[in-house]
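Q: Please take a close look at the surroundings of the ligand in this model, and then relate that part to the nonpolar core and to the unusual backbone geometry elsewhere in the chain.

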Amino acid sequence: MTQSRSVSLILAATDPAFGIGRKGQLPWHLKGEMKYFKQVTTDSTVIMGRKTWYSIPVEYRPLVNRKNVVISRDPSACYGTGVLACTSVESALGQCDKNKSIFVIGGAEIYKACLPYADKMFITLIKDESNKIKCDTFFRFNQNEWQMQPSERLKEALGKDVDIPDNCSVTEDGLEYTFTLWERRN
Ligand code: FOL
């Protein structure tokens with residue numbers, strides 16, 4: 001059976017460039033943003049690529065209270081107990097428990113491959129109008145196919161208690177970021 005459950009992407013990206021990474025790591029350190037990521041993805045299945053797996057500090061992987069699925073073309077790849085290794089996006093999406101939501105957590109190559117299966121994107125936009133945050137990896141998508149939703153819609157879609165301010169914006173470490181939800185335009 002093909003994927004019928006809803007698939008979401010979750011990422012933090014610079015605005016407007018949509019930078020997501022640098023040298024295999026997140027280009028920033030934002031504690032409150034990471035807490036949001038953890039709250040949103042808890043009790044779900046998280047799908048990631050091999051490079052993202054290795055970018056997670058060893059003490060934090062596998063991500064606790066989530067089903068971890070890692071995609072690699074290497075059929076002998078192994079990531080330890082409790083972690084499911086897959087060699088394709090299709091088999092990864094097929095691994096998700098019914099009654100669990102699915103979050104694709106990157107990186108760029110996996111976001112791209114999973115985008116056709118996704119109906120929602122939880123994007124934290126980190127204000128970087130003058131392009132000060134150096135990135136070497138970017139999230140690319142067709143903005144004509146997607147629409148940023150009003151903040152009430154984000155809270156509704158989260159469907160659980162995630163502590164975010166009413167206006168969905170936070171300033172931390174001198175950076176201003178906003179939690180957003182994007183859905184496909186019909
Ligand atoms: N989405 C969003 N919104 N923010 C992100 O930082 C993010 N990062 C990734 C994917 N989607 C994202 C991929 N990178 C951890 C580290 C890197 C990472 C994802 C997760 C990590 O260590 N997470 C721990 C929290 C550790 C802590 O408390 O500092 C976790 O349990 O989720």
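A: Asp173 is a suitable place to begin with the backbone, before turning to the ligand; the model is a predicted one. Asp173 is exposed, since 12 other C-beta atoms lie within 10 Å, and a residue counts as exposed at 12 or fewer. Asp173 sits in the loop that links strand S10 (169-172) to strand S11 (175-184). Its phi is near 60°, a positive value although the residue is not glycine.

Lys23 also has a positive phi, of about 50°, and is likewise not a glycine. Lys23 belongs to the loop between strand S2 (19-21) and H1. It counts as exposed because it has 10 C-beta neighbours inside 10 Å. As a general matter, most residues other than glycine have a negative phi, and most peptide bonds are trans.

Two peptide bonds in the model are cis. One joins Arg61 and Pro62, with omega about -5°; Pro62 is located in the loop between H2 and strand S4 (67-71). The other runs from Gly106 to Gly107, and its omega is near 0°. Gly107 is found in the loop that connects strand S6 (102-104) with helix H4 (108-114).

The ligand itself is surrounded by 18 residues. The closest of them are Ala12, Phe37, Lys38, Tyr60 and Ile105. Three elements, strand S1 (7-15), helix H1 (31-41) and helix H2 (50-55), each contribute at least two residues to this shell. H1 makes the greatest contribution, with four residues. In character, the shell consists of 12 nonpolar, four polar and two charged residues.

The nonpolar core may be considered next. In soluble globular proteins, nonpolar side chains tend to be buried together. The largest nonpolar core in this model comprises 43 residues. Those with the most contacts inside it are Leu9, Ile10, Leu11, Ala13, Ile47, Val104 and Cys114. For Cys114, once its neighbours within four places in sequence are left aside, the contacts are Val7, Leu9, Ile47, Val89 and Val104. Leu9, Ile47 and Val104 thus appear among the contacts of Cys114 and also among the core residues with the most contacts.

Strand S1 (7-15) links the two regions of interest: it supplies at least two residues of the shell around the ligand, and its range includes Leu9, Ile10, Leu11 and Ala13, which are among the core residues with the most contacts.

How values were computed: Residues are numbered from 1 along each chain as its sequence is written. This is a predicted model: local features need pLDDT of at least 70, side-chain atom pairs count only at pLDDT 80 or more; totals for chains, interfaces and linings use all residues. A residue is near a molecule or strand if its C-beta atom, placed from the backbone, lies within 6 Å of it. Ala, Val, Leu, Ile, Met, Phe, Trp, Tyr, Cys and Pro count as nonpolar, Asp, Glu, Lys and Arg as charged, and the others, Gly among them, as polar. A nonpolar core is a set of buried Ala, Val, Leu, Ile, Met, Phe, Trp, Tyr and Cys residues joined through C-beta atoms within 7 Å. A residue is buried if 20 or more other C-beta atoms lie within 10 Å of its own, exposed if 12 or fewer, and partly exposed in between; C-beta atoms are placed from the backbone. Two residues are in contact if their C-beta atoms, placed from the backbone, lie within 7 Å.
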